[in-house]
Amino acid sequence: MQTPQLKQAIEALLFVAEQPLTETQLFEHFSEESISRKQLKEVLSELQSDYQERGVQLTLVASGYRFQTRAELGGIISRLWQEKPPRYSQALLETLALIAYRQPITRGDIEEIRGVSVSSNIMKTLQERGWIKVVGHREVPGRPQLYATTNEFLDYFSLQDLSELPAIPEAPEKVSLKGAAVQTTAETATNTE
């Protein structure tokens with residue numbers, strides 16, 4: 001198969017696929033055409049370059065390659081649909097962040113860190129979305145479930161792996177309240193004179 005034909009075929013496959021496709025899946029799909037892995041990688045790289053400045057991009061996520069719209073066009077594109085995207089509570093997002101950064105983690109660990117109990121609805125919602133799953137049990141009395149994120153979580157946030165999560169900023173140094181009040185008073189006094 002010639003490179004232009006292969007490029008068109010891969011482009012078409014990725015457009016019609018319901019899920020991202022891995023290099024291996026694409027390679028196996030073209031087993032009868034006897035293409036090399038190197039040739040496949042070159043074509044994928046070319047397609048990524050071709051779509052770099054367009055409204056749709058070829059992106060590699062945890063589950064494979066997929067076409068997706070540019071993030072900055074989300075506001076314009078969302079006008080096509082009448083229903084609003086789901087809004088998630090602060091508690092749900094905090095729980096998801098803890099699971100993503102500290103996995104595998106138990107519900108008890110999450111509650112201890114957050115200082116409040118985790119609603120069963122939050123855990124159910126995260127599991128229904130396919131963003132978290134039970135990956136085992138901690139070997140302690142009661143054998144609590146251990147939670148971790150899934151490839152669907154990575155795909156939704158356009159990540160290839162967890163190392164792409166943003167770094168957690170360092171907590172600011174604690175300043176005594178008394179010292180801060182004195183400092184503020186001194187600054188205020190200086191500025192008013």
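The protein chain in this predicted model has nine helices and five strands, and if you follow them along the sequence you read the pattern α-α-α-β-β-α-α-β-α-α-β-β-α-α. The chain has 193 residues, of which 26% count as buried. About 13500 Å² is exposed by the protein chain, and carbon and sulfur atoms supply 51% of that area. As for how the chain comes together, if we take the contacts with a separation of 6 or more, residues 24 or more positions apart account for 47% of them.

Let me turn to helix α3, which covers residues 37-50. With 14 residues at 1.5 Å a residue, α3 should span 20 Å, and its end C-alpha atoms are indeed 20 Å apart, so the expected and the computed span agree. Which residues of α3 are buried? They are Gln39, Leu40, Val43, Leu44 and Leu47. Because these residues cover an arc of only 135 degrees around the axis, they lie on the same side of α3. The face turned away from that buried side carries Lys38 and Ser49, which are exposed. And what covers the buried residues of α3? The cover includes two helices, α1 (3-16) and α2 (23-29), together with the strands β1 (56-61) and β2 (64-69).

Two of those covering elements, α1 and α2, are joined by a loop, and in that loop we find leucine 21. Leucine 21 has a relative accessibility of 18%, and it therefore counts as buried, the cut-off being under 20%. Setting aside residues up to four places away in sequence, leucine 21 touches Leu13, Leu14, Leu26, Ser63, Gly64 and Tyr65. Of these, serine 63 is worth a closer look, since I can give you both separations: leucine 21 and serine 63 are 42 residues apart in sequence, yet their C-alpha atoms are 6.8 Å apart in space.

Gly64 and Tyr65, which we have just met as contacts of leucine 21, come up again with threonine 59, a residue of strand β1. Is threonine 59 buried or exposed? At 15% relative accessibility, it counts as buried. Once its neighbours within four places in sequence are left aside, threonine 59 is in contact with Gly64, Tyr65, Arg66 and Gln68.

I would like to finish with the aromatic rings. A search of the whole structure finds eight aromatic pairs. In one of them, tyrosine 156 and phenylalanine 157, the ring centres are 5.0 Å apart and the planes stand at 80 degrees, so this pair is edge-to-face. Both residues are partly exposed: the relative accessible area of tyrosine 156 is 45%, and phenylalanine 157 has a relative accessibility of 37%. Tyr156 and Phe157 also belong to one aromatic cluster, which they form with Tyr88, Trp131 and Phe153.

Rings also take part in two arrangements with arginines. Arginine 37 lies over the face of phenylalanine 27, at 4.4 Å from the ring centre; you may recall that residue 37 is where α3 begins, and that α2, at residues 23-29, is among the elements covering the buried residues of α3. In the second arrangement, the ring is that of tyrosine 51, and the charged end of arginine 54 sits over it, 4.8 Å from its centre.

Note on methods. Residues numbered from 1 in each chain as written. Predicted model: local features only at pLDDT ≥ 70, side-chain atom pairs only at ≥ 80, totals over all residues. Heavy atoms only, no water. Helix = DSSP H or I, 4+ residues; strand = E, 2+ residues; numbered from the N terminus. Expected span 1.5 Å × (residues − 1). Buried < 20%, exposed > 50% of the residue type's maximum accessible area, 1.4 Å probe, protein only. Arc of directions from axis to C-beta. Contact = heavy atoms within 4.5 Å. Areas by Shrake-Rupley, 256 points an atom, 1.4 Å probe, with all protein chains shown as cover. Phe/Tyr/Trp six-rings, centres within 6.5 Å; stacked < 30°, edge-to-face > 60°. Lys NZ or Arg CZ within 6 Å of the ring centre and 35° of its normal.
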